[in-house]
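Subject: Structure for your review

Dear colleague,

Please find below the structure I mentioned, together with its sequence. My findings follow it, arranged by topic.

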Amino acid sequence: MELIQREKLKKEFLPGRIIQKVVGKDAVSLSNRMTMGFACYSDESGSMEPHHHAEEIVYILSSEKGWVRFGDTKEKLGQPIELRSGMTLHFPPLEWHVFEFQTGGHVDIIFFYGQVDQIRPEEIEKPS
């Protein structure tokens, strides 16, 4: 067993989010079957662009003045859904979504993927 404490994890600053990789490829605890980590969306990380990727489960740790929008295309996301601690979101593969917040707010999550490869759209093999 590995005991991993979030406050000791390296922060990776990406456009629109700060990631802390816990389990998976290139994470503190290596796995070739699953991916898990933390992500924070706030003024410190800036705005996020709508994105899509492999099937994902997100657990909301905390949210202040934060919401999510999702939809079939980047240009047609639905109405904002206010986020609260304790919510769980399940995004199907390649569903467009974005986490947003008002100035001074934030969204802090745990994310899970049932895979370590072919997570990003450019990595996913299209069916023949």
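The chain has 128 residues, and a compact globule of that length would have a radius of gyration near 14 Å; the value for this chain is 15 Å, which agrees. Please note that this is a predicted model. The C-alpha trace spans about 45 × 40 × 25 Å along its principal axes. Of the 128 residues in the chain, 42% are buried.

Secondary structure

The chain contains eight strands and zero helices. Read from the N terminus, the order of elements is therefore β-β-β-β-β-β-β-β. Strand 3 and strand 8 recur in much of what follows.

Strand 3 and its partners

Strand 3 covers residues 35-42, and eight of its eight residues are buried. In a regular strand, side chains alternate between the two faces of the sheet. Both faces of strand 3 are covered: T35, G37, A39 and Y41 are buried on one side, and M36, F38, C40 and S42 are buried on the other.

Strand 3 pairs with strand 2 (residues 17-23) in the antiparallel sense, over five bridges. Within this pairing, V23 has M36 of strand 3 as its bridge partner. Strand 3 is also joined to strand 8 (residues 96-113) by eight bridges, and these two strands likewise run antiparallel. M36 takes part here too, with F112 of strand 8 as its bridge partner. Another position in strand 3, F38, stands opposite I110 in strand 8.

Strand 8 and strand 4

How much of strand 8 is buried? The count is 14 of its 18 residues, so strand 8 is largely enclosed by the rest of the structure. Strand 8 runs antiparallel to strand 4 as well, and 13 bridges join the two. One position in this pairing is S63, which stands opposite V107 in strand 8.

F112, which lies in strand 8, is partly exposed, with a relative accessible area of 34%. Patches on the surface are made of residues with over 30% relative accessible area, so the 34% of F112 meets that cut-off. Together with I57, Y59 and L61, F112 forms a nonpolar patch on the surface, and the four have about 300 Å² of accessible area together. Strand 4 (residues 56-73) gives the most to this patch, with three residues.

Aromatic contacts

Three aromatic pairs were found in a search of the whole structure. One of them is formed by F91 and F99, in an edge-to-face arrangement with 6.2 Å from centre to centre and 90° between the planes. Are these two residues buried or exposed? Both F91 and F99 are buried. Y41 joins F91 and F99 in one aromatic cluster. Y41 is also one of the buried residues of strand 3.

Salt bridges

Side chains of opposite charge can pair when their charged atoms come close. The count of salt bridges in this model comes to five, including the three described here.

The side chains of D108 and R6 meet in a salt bridge, at 2.8 Å from N to O. D108 lies in strand 8 and R6 in the segment before strand 1, so this pair ties together parts that are 102 residues apart in sequence. D108 is buried, with a relative accessible area of 11%, while R6 is partly exposed, with 23%.

A second salt bridge links the side chains of K25 and D117, whose closest N and O atoms are 2.9 Å apart. K25 is in the loop between strand 2 and strand 3, and D117 is in the segment after strand 8, so the pair connects parts that are 92 residues apart in sequence. Both ends are partly exposed: K25 has 41% relative accessibility, and D117 has a relative accessible area of 43%.

The side chains of E12 and K21 also meet in a salt bridge, at 3.4 Å from N to O. E12 is partly exposed, with a relative accessible area of 25%, and K21 is partly exposed, with 31%.

The N-terminal segment

Q5 lies in the segment before strand 1 (12-14). With 32% relative accessibility, Q5 counts as partly exposed. Q5 and R17 are twelve residues apart along the chain, and their C-alpha atoms are separated by 19 Å.

Yours sincerely

How values were computed:
Residues numbered from 1 in each chain as written. Predicted model: local features only at pLDDT ≥ 70, side-chain atom pairs only at ≥ 80, totals over all residues. Heavy atoms only, no water. Phe/Tyr/Trp six-rings, centres within 6.5 Å; stacked < 30°, edge-to-face > 60°. Buried < 20%, exposed > 50% of the residue type's maximum accessible area, 1.4 Å probe, protein only. Helix = DSSP H or I, 4+ residues; strand = E, 2+ residues; numbered from the N terminus. Pairing = 2+ DSSP bridges. Patch = residues over 30% accessible without salt bridge, like charges linked within 9 Å, V, L, I, M, F, W, Y side chains within 5 Å. Areas by Shrake-Rupley, 256 points an atom, 1.4 Å probe, with all protein chains shown as cover. Rg over C-alpha atoms; globule rule 2.2 N^0.38 Å.
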